[in-house]
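Student: Could you take me through the pockets of this protein slowly, explaining what surrounds them? I would like one connected answer rather than a list.

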Amino acid sequence: MNWFTALVLGKAAGWAGFVVFCWLIDFVIMPSPLINRYDFLRAPTDNAAHGLIAISVWLLSMGRPASSEDLLYCLSCGAAASAIDLDHFIAAGSWRLKAALTLQHRPFMHASTWWLVPVALFALGRWQASKRLLRVSQLLAVAVVSHHLRDGHRRGLWFPPLGSTAPLPWWSATLGMCALAIVVAHLSRSSSSARHVLVTPFVQSV
């Protein structure tokens with residue numbers, strides 16, 4: 001059984017639970033009259049959902065935290081996904097919630113060209129054989145891409161200066177997040193193998 005089959009079949013309940021969790025958030029919780037009626041409830045609930053979904057994607061890709069450091073990365077991933085929405089306030093030039101929610105344009109951190117940042121960090125981490133840099137690049141990839149995919153269901157993906165895509169079907173955005181978890185799991189596995197290849201000859205020569 002290869003790593004892909006083991007990941008998918010070994011976490012079948014986790015994948016199913018993730019899809020159900022996303023469905024409950026987007027089709028039950030967010031549209032509920034109580035949440036949807038008041039901005040002071042809708043905005044933080046939606047923001048918390050981004051964080052929880054990022055944590056879920058991280059757990060699907062990395063597995064259950066085995067140390068305090070793993071737990072810190074997991075929670076940091078969720079915090080980073082939620083922190084993206086701070087650009088609403090920056091773009092509005094105000095900390096008033098109404099101003100942040102009534103922007104005439106999408107704020108800068110919602111540009112999906114930011115996806116290039118974790119890619120560049122991952123390449124740098126591989127070049128320097130830096131475990132921390134590799135892990136940070138994976139953390140940012142999950143935080144940013146999961147946030148943008150979920151928003152993409154409503155508004156499409158924005159790639160300035162090229163423009164925006166059409167809104168993504170919900171199933172497409174959700175499957176995209178599942179694919180993200182698989183890609184990050186593979187990159188984590190391959191980078192671990194690469195570090196072993198780089199370190200083992202050195203250890204043997206000492």
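**A close look at the pockets**

Tutor: Let us begin with the second largest pocket, where helix 10 provides the largest share of the lining, five residues. Please keep in mind that this is a predicted model. The volume of the second largest pocket is about 210 Å³, and its lining is made up of 13 residues, among which Val119, Ala141, Val183, Val184 and Leu187 lie nearest the centre. At least two lining residues come from each of helix 8 (116-128), helix 9 and helix 10 (170-205). If we sort the lining of this second largest pocket by chemical character, we find ten nonpolar residues, three polar ones and no charged ones.

With that picture in mind, we can turn to the largest pocket, which has a volume of about 710 Å³. Its lining consists of 30 residues, and those lying nearest the centre are Arg42, Asp46, His88, Leu101 and Arg154. Two or more lining residues are given by each of helix 2, helix 4 (39-62), helix 5 (68-83), helix 6 (86-92), helix 7 (97-101) and helix 9 (131-155). Among these contributors, helix 4 gives the most, with six residues. Sorted in the way we used before, the lining of the largest pocket holds 13 nonpolar, eight polar and nine charged residues, whereas the lining of the second largest pocket has no charged residues.

Helix 9 appears in the lining of the largest pocket and also in that of the second largest pocket, and one residue of this helix deserves a closer look, namely glycine 152. Glycine 152 has a relative accessible area of 0%, and because this is under 20%, we call the residue buried. The C-alpha atom of glycine 152 is separated by 7.0 Å from that of alanine 173, although the two residues are 21 residues apart along the chain.

Helix 2, another contributor to the lining of the largest pocket, leads us to the surface. Valine 28 lies in this helix, which covers residues 12-29, and its relative accessible area of 39% falls between 20% and 50%, so valine 28 is described as partly exposed. Together with Val20, Trp23, Leu24, Phe27 and Ile29, Val28 forms a nonpolar patch on the surface, and these residues together have about 510 Å² of accessible area.

Technical notes:
Residues are numbered from 1 along each chain as its sequence is written. This is a predicted model: local features need pLDDT of at least 70, side-chain atom pairs count only at pLDDT 80 or more; totals for chains, interfaces and linings use all residues. Side-chain values use heavy atoms; hydrogens and water are left out. Patches are made of residues with over 30% relative accessible area and no salt bridge: like charges are joined within 9 Å, nonpolar side chains (Val, Leu, Ile, Met, Phe, Trp, Tyr) within 5 Å. Accessible areas come from the Shrake-Rupley method with a 1.4 Å probe; for residues, only the protein chains shown count as cover. A salt bridge is a side-chain nitrogen of Lys or Arg within 4 Å of a carboxyl oxygen of Asp or Glu. Helices (H or I, at least four residues) and strands (E, at least two) are DSSP runs, numbered from the N terminus. Buried means under 20% relative accessible area, exposed over 50%, partly exposed in between (1.4 Å probe, protein chains only). On a 1 Å grid over the protein atoms alone, a cavity is a set of points where a 1.4 Å probe fits but cannot get out, and a pocket is an open set with protein on both sides within 12 Å along at least five of seven lines; lining residues have an atom within 4 Å of a point. Grid points are joined across faces, edges and corners, and a volume is the space filled by probe spheres set on the points. Ala, Val, Leu, Ile, Met, Phe, Trp, Tyr, Cys and Pro count as nonpolar, Asp, Glu, Lys and Arg as charged, and the others, Gly among them, as polar.
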